[in-house]
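This report reads through the fold of two chains, going from single residues to the sheet and then to the helices. Please keep the sequence and the structure at hand while reading.

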Amino acid sequence: MSTSTVEPLDPLIHVPARLRILVTLAALNEGDTLSFTRLQKMLDLTPGNLITHLRKLEDARYLKSEKTSDGNGLTTIVTLTRRGRAALDAYTEALRNLLGGLAP
Amino acid sequence: MNVIGDPNQAASAGEEAGLDPREAVKILEQAKRQAQRQFNPQPPLLVVVGAALVFLFGYGAVWWSMRDQHPYSSGPALWSLAVLYGLIAISAIAGSVVFGRAQSGVGGRARRQQQIQGVAFAAAGIGAWVVEGALRYRGVSFEIVYGVYGPTVPLIALIAVAAGINAMRESWLELGVCIGIIAVASVSTFFGPLGAWGLTGLGCCLVLLAYAAALVVQQRRA
């Protein structure tokens, strides 16, 4: 009898908007940053909604944000941390295992 | 440092409970595809076809203006060089708009890499043109300097840099296009000034049209 266990899905990531945020940031190379404005345009979220999700991910140290000057004023930039990348990898793996288990 | 403020809009964030794992996979795949398409865009079909036409009509114009010169005498007509450089300028502007849009808002390592790539392109182009000047200075004929070297070697130098960048990115299709252009430009030098302009123009146009066709196939498969 198989004793394999399925890892639980990270509840912080298992939300459509936050999953899209992490996947989008993970598409950049390690160490690259993305401006809040570009991220918002790509995900088509309202600023308030995006800020709320980013804050939760930042509290979990999945991403870092900071304000920088870009010549035209202050802009917020966001970076995926190594912890965030690892969490997304683990989530993807857990999802794969779960669906493997669910598959007919 | 946490600089994202509390907007008191937590409720609007909507903790969508009970997300189906299959739905999560779909969201994950869609978001990944969208991000890759936006950050590393393959040039739009229009830009690729435009570049093909630059080779066909730009190089073609120069070939046309010299087609009766046997042997090579006065070189390309001024109008043909104006057509060539005008088309190159339009193509460069279109390419920089597409690239700039893709990289908008991206900073950090990616920005530094772009600057380094810009330096590599500049070094390759300037080096090739300096050698062209040196060849003329050393008394090499106009036929070779402007007829054979001019349309091929600077192009080969610039495309070799692009090939290196695509190899680093593991963009195999684009690497193949670069190798194709280098092969066409190199072989065309065996055929003298008319061959160098004419065959490079026609051959690179065909390579780029084949690339455009491959992009269409890729897009349909996706």
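A residue counts as exposed when its relative accessible area is over 50% and as buried when that area is under 20%, with partly exposed residues in between. The model discussed here is a predicted one.

By this cut-off A:Asp44 is exposed, because its relative accessible area is 69%. A:Asp44 lies in the loop that connects helix 2 (36-43) with helix 3 of chain A, and its phi is positive, near 55°, although the residue is not a glycine. In chain B a comparable description can be given for B:Glu170, which has a positive phi of about 60° and is likewise not a glycine. B:Glu170 sits in the loop between helix 6 (142-169) and helix 7 of chain B, and with a relative accessibility of 54% B:Glu170 also counts as exposed.

**Chain A and its third helix**

Chain A contains four helices and three strands, which follow one another along the sequence in the pattern α-β-α-α-β-β-α. Of the 104 residues in chain A, 51% are buried. Helix 3 of chain A, residues 47-59, comprises 13 residues and spans 18 Å from its first C-alpha to its last, which is close to the 18 Å expected at 1.5 Å a residue. The buried residues of helix 3 of chain A include A:Leu50, A:Ile51, A:Leu54 and A:Leu57, and also A:Asn49, A:His53 and A:Glu58. After helix 3 of chain A comes A:Arg61, with a positive phi near 60°.

**A sheet built from both chains**

Which strands make up the open sheet, and in what order? The sheet has four strands in the order 2(A)-3(A)-1(A)-1(B), and their pairing is antiparallel. Strand 2 (63-69) of chain A and strand 1 (106-107) of chain B stand at the edges, each with a single partner strand, so one side of each has no neighbour in the sheet. In general, the strands of a sheet pair through backbone hydrogen bonds, in either a parallel or an antiparallel way. The pairings are set out below, each with one pair of residues that face each other.

| Paired strands | Bridges | One facing pair |
|---|---|---|
| Strand 2 and strand 3 of chain A | seven bridges | A:Ser69 and A:Leu74 |
| Strand 1 and strand 3 of chain A | two bridges | A:Ser35 and A:Ile77 |
| Strand 1 of chain A and strand 1 of chain B | two bridges | A:Thr33 and B:Gly107 |

Strand 3 of chain A, residues 74-80, has six of its seven residues buried and is therefore largely enclosed by the rest of the structure. Strand 1 of chain A, residues 33-35, pairs with strand 1 of chain B in the antiparallel sense, and strand 1 of chain A also runs antiparallel to strand 3 of chain A.

**Two helices of chain B**

How do helix 7 and helix 8 of chain B cross, and at roughly what angle? The axes of helix 7 (residues 172-188) and helix 8 (residues 192-221) of chain B come within 8 Å and cross at roughly 165°. Angles over 145 degrees count as roughly antiparallel, and helix 7 and helix 8 of chain B are therefore roughly antiparallel to each other. The crossing of helix 7 and helix 8 of chain B is right-handed, and their contact comprises 13 nonpolar, seven polar and one charged residues.

How values were computed: Residues numbered from 1 in each chain as written. Chains lettered and ligands numbered in written order. Predicted model: local features only at pLDDT ≥ 70, side-chain atom pairs only at ≥ 80, totals over all residues. Heavy atoms only, no water. Expected span 1.5 Å × (residues − 1). Buried < 20%, exposed > 50% of the residue type's maximum accessible area, 1.4 Å probe, protein only. Axes fitted to C-alpha atoms, helices over the stretch in contact; angles between N-to-C directions. Parallel < 35°, antiparallel > 145°, perpendicular 65-115°, else oblique. Left-handed = near helix turned anticlockwise from the far one by under 90°. Nonpolar A, V, L, I, M, F, W, Y, C, P; charged D, E, K, R; others polar. Pairing = 2+ DSSP bridges.
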